[in-house]
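Here is a guided look at one structure for someone meeting it for the first time. Have the sequence and the 3D view ready, and take the stops in any order you like.

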Amino acid sequence: MPAPTSTTKPAPLKVAIVGAGPGGLAAAIQFRRLPDVELSVYDQARELREVGAGIALNQNSWRQLRELGAAEDISQYHTRQTEDKVSVEQRIGRTGELIYQRKVSGNPDQPPAVRIERTVLQRALLNRLPKDLVQLSKKLDHYTETDAGVTLTFKDGTTAGPFDLVIGADGIRSAVRHQAYPDHQLSYTGKVAFRVLIPQERVAHLEGIPQAATWWHTPDTHVYTLPLDNGQFEIATRAIEDEAHGQKVSWGQIVQDSSRVKAHYTGYTKLIRDIIDTVQDGEWQEFALFGGPLLPNVTRGGRIVLIGDASHPLSGAFGSGAAFAFEDAFVLAKVVEFARAQGKTQAFALDLFDDIRQPRFEYLYSVLNHGGANLKAVRDEKLEPDAHVKEVIRRNWAGEGRKPGDQGDQIYAYNVQEVWAARERDELEKAAKVAKPVEVEKVTEQLAAVAVAA
Ligand SMILES: Cc1cc2nc3c(=O)[nH]c(=O)nc-3n(C[C@H](O)[C@H](O)[C@H](O)COP(=O)(O)OP(=O)(O)OC[C@H]3O[C@@H](n4cnc5c(N)ncnc54)[C@H](O)[C@@H]3O)c2cc1C
């Protein structure tokens with residue numbers, strides 16, 4: 001990082017992070033590395049419970065986990081494959097017919113695409129932070145802005161602040177977003193997800209279970225199956241439920257009666273019905289899936305910023321919400337550090353953040369919209385169910401109808417460190433052009449330092 005242009009020590013920056021999910025925890029790790037930052041972290045949860053099922057880690061996730069110092073804690077939970085293997089399969093749910101397979105490279109120099117339990121990820125991040133940093137049972141109600149900063153008011157009536165910077169990392173139903181962008185509406189997608197992790201022994205007697213991550217489709221629902229490296233077996237499904245149901249199901253609600261889940265998948269091939277039969281009452285968790293449109297920006301008034309699911313409610317579309325949140329946390333810490341070092345305002349830092357992150361999310365939303373248009377086009381063809389499924393797989397999974405230029409690389413291999421390094425060079429070059437003669441030398445030194453670091 002370049003040396004500060006000013007010799008006066010900046011006042012401590014008071015930063016509050018609302019939400020201690022993967023995004024909030026990553027931001028906490030990043031901001032604790034910055035000098036002169038006073039950090040407070042709040043979460044509504046009474047305890048950071050072990051909820052959730054499997055979570056996907058791709059190249060972009062691993063790059064960030066290494067950056068956060070958390071990769072080693074996670075590596076022990078999966079086996080590194082040494083040769084190419086089938087990583088993804090797409091099948092017709094009704095018959096089990098295989099339509100598409102993708103192989104993953106066993107190149108040991110490439111980070112593996114794996115799924116681990118969300119709790120393992122959360123623990124690895126928490127291990128990088130002091131034990132009592134996260135203040136629990138602090139559900140944000142609203143914030144108030146004055147000249148002194150932003151004050152947080154929690155549902156329990158207590159307040160905290162004023163803060164110079166409030167990071168809304170409070171997930172898809174973000175209270176910070178709700179206040180900062182009152183016109184932005186989340187809507188129920190019409191679908192719920194049922195998810196569970198069970199011991200693999202439970203399905204060991206069933207023959208023909210694919211070892212790859214496998215999607216079994218009907219036109220309106222799907223079932224996802226995957227044996228994890230740690231002996232667990234993951235099942236994640238989508239089902240249609242009406243608006244009234246979706247609105248009342250909270251995130252991760254236990255399903256007491258497993259027959260309610262089974263009822264959605266009676267038309268599936270016997271193997272899937274048998275797998276689903278092994279899940280007992282009280283084991284499934286239900287997640288109502290909500291999404292919202294792309295925000296035009298994610299910062300407000302130079303003091304409020306949204307990261308992770310709070311900033312881009314993509315309704316889990318890419319299975320990479322944690323990685324996107326890590327990228328946000330990385331860039332946010334970098335722009336704040338950069339602005340302080342350059343004697344620029346925090347508003348400058350947050351504008352820079354928007355400028356760097358907005359194209360990323362414009363791209364992700366465009367992929368989502370393209371996939372949605374494909375689904376609509378197939379629906380309009382009014383094919384019989386299995387032909388419908390084949391056509392959707394052909395267009396959205398086998399790459400043939402994908403957004404031009406994308407085979408997943410722009411999503412999962414995205415290198416946010418390189419994006420930031422290039423932008424930092426640009427900003428320093430811009431500064432060099434407008435710098436007064438006495439400052440030119442300093443900026444030139446900083447550019448040289450960045451070039452060496454790169
Ligand atoms: C309980 C849960 C289980 C999940 N399980 C899976 C899974 O199994 N697989 C998967 O792929 N993805 C899962 N996700 C989603 C995935 O974790 C996110 O896409 C990704 O981690 C982005 O993280 P985030 O930090 O932005 O948001 P989140 O992970 O949603 O974290 C937000 C945090 O903010 C807190 N919070 C919310 N509102 C307030 C408030 N008003 N005041 C204070 N704190 C607040 C929440 O308690 C939570 O800790 C899950 C999310 C949650 C919350």
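Where does histidine 312 lie?

## Histidine 312 and its contacts

You'll find histidine 312 in the loop between strand E19 (304–306) and H9. One thing to know before going on: this is a predicted model. With a relative accessible area of 3%, histidine 312 is buried, since anything under 20% counts as buried.

What does the side chain of histidine 312 reach at 3.1 Å? That would be the backbone oxygen of glycine 308. The side chain of histidine 312 also makes a polar contact with the side chain of aspartate 328, at 2.9 Å.

## Helix H9

Follow the chain on from that loop and you get to H9, which spans residues 321–341. This helix has 21 residues and runs 30 Å from its first C-alpha to its last, close to the 30 Å expected at 1.5 Å a residue. H9 is mostly covered, with 17 of its 21 residues buried. Just after H9, glycine 343 takes a positive phi of about 70°.

Phenylalanine 330 is a good residue to pick out in helix H9. Its relative accessible area is 3%, so phenylalanine 330 counts as buried. Now find alanine 26: in sequence, alanine 26 and phenylalanine 330 are 304 residues apart, but in space their C-alphas are 7.8 Å apart.

## Around the ligand

Time to look at the ligand. Which residues come nearest to it, of the 29 around it? They are Gly23, Asp43, Ala53, Arg118 and Trp251. Sorted by type, the shell around the ligand has 12 nonpolar, 10 polar and 7 charged residues.

Helix H1 (22–32), strand E3 (54–57) and helix H9 each supply at least two residues of this shell. H1 gives the most, with 3 residues. Two domains take part as well: domain 1 (13–84 + 113–186 + 293–422) and domain 2 (187–291) each provide at least three residues of the shell.

## Polar atoms facing the ligand

A few atom pairs are worth zooming in on. A polar side-chain atom of arginine 118 sits 2.8 Å from an oxygen atom of the ligand. Leucine 140 takes part through its backbone instead: one of its polar backbone atoms is 2.8 Å from a nitrogen atom of the ligand. For arginine 195, a polar side-chain atom lies 3.2 Å from a nitrogen atom of the ligand. How much of the ligand does the protein cover? The answer is 87% of the 920 Å² of accessible area that the ligand has on its own.

## Helix H2

Helix H2 covers residues 59–68, and 7 of its 10 residues are buried, so H2 is largely enclosed by the rest of the structure. The buried residues of H2 are Asn60, Ser61, Trp62, Arg63, Gln64, Leu65 and Leu68. Just after H2 comes glycine 69, with a positive phi of about 75°.

## A buried threonine

Head over to threonine 221, in the loop between strand E13 (213–217) and strand E14 (222–227). Is threonine 221 buried or exposed? It's buried, with a relative accessible area of 13%.

Which side chains does the side chain of threonine 221 contact? A polar contact of 2.6 Å joins it to the side chain of threonine 218. Another polar contact, at 2.7 Å, links threonine 221 to the side chain of tyrosine 268.

## Backbone oddities

Most residues other than glycine have a negative phi, and most peptide bonds are trans. With that in mind, check out serine 137, which is not a glycine and has a positive phi near 55°. Serine 137 is in the loop between strand E7 (134–135) and strand E8 (140–146). At 36% relative accessibility, serine 137 counts as partly exposed. Lysine 382 isn't a glycine either, and its phi is positive, at about 50°. This lysine 382 belongs to the loop between helix H10 (346–380) and helix H11 (385–397). Lysine 382 is exposed, with a relative accessible area of 72%.

One last stop: which residues does a cis peptide bond join? They are glycine 161 and proline 162, with omega at about 0°. Proline 162 has its place in strand E10 (residues 159–163).

Methods:
Residues numbered from 1 in each chain as written. Predicted model: local features only at pLDDT ≥ 70, side-chain atom pairs only at ≥ 80, totals over all residues. Heavy atoms only, no water. Near = heavy atom within 4 Å. Polar contact = N/O pair within 3.5 Å; in protein donor to acceptor, adjacent residues only side chain to side chain. Areas by Shrake-Rupley, 256 points an atom, 1.4 Å probe, with all protein chains shown as cover. Helix = DSSP H or I, 4+ residues; strand = E, 2+ residues; numbered from the N terminus. Nonpolar A, V, L, I, M, F, W, Y, C, P; charged D, E, K, R; others polar. Domains from an automatic or database assignment. Buried < 20%, exposed > 50% of the residue type's maximum accessible area, 1.4 Å probe, protein only. Expected span 1.5 Å × (residues − 1).
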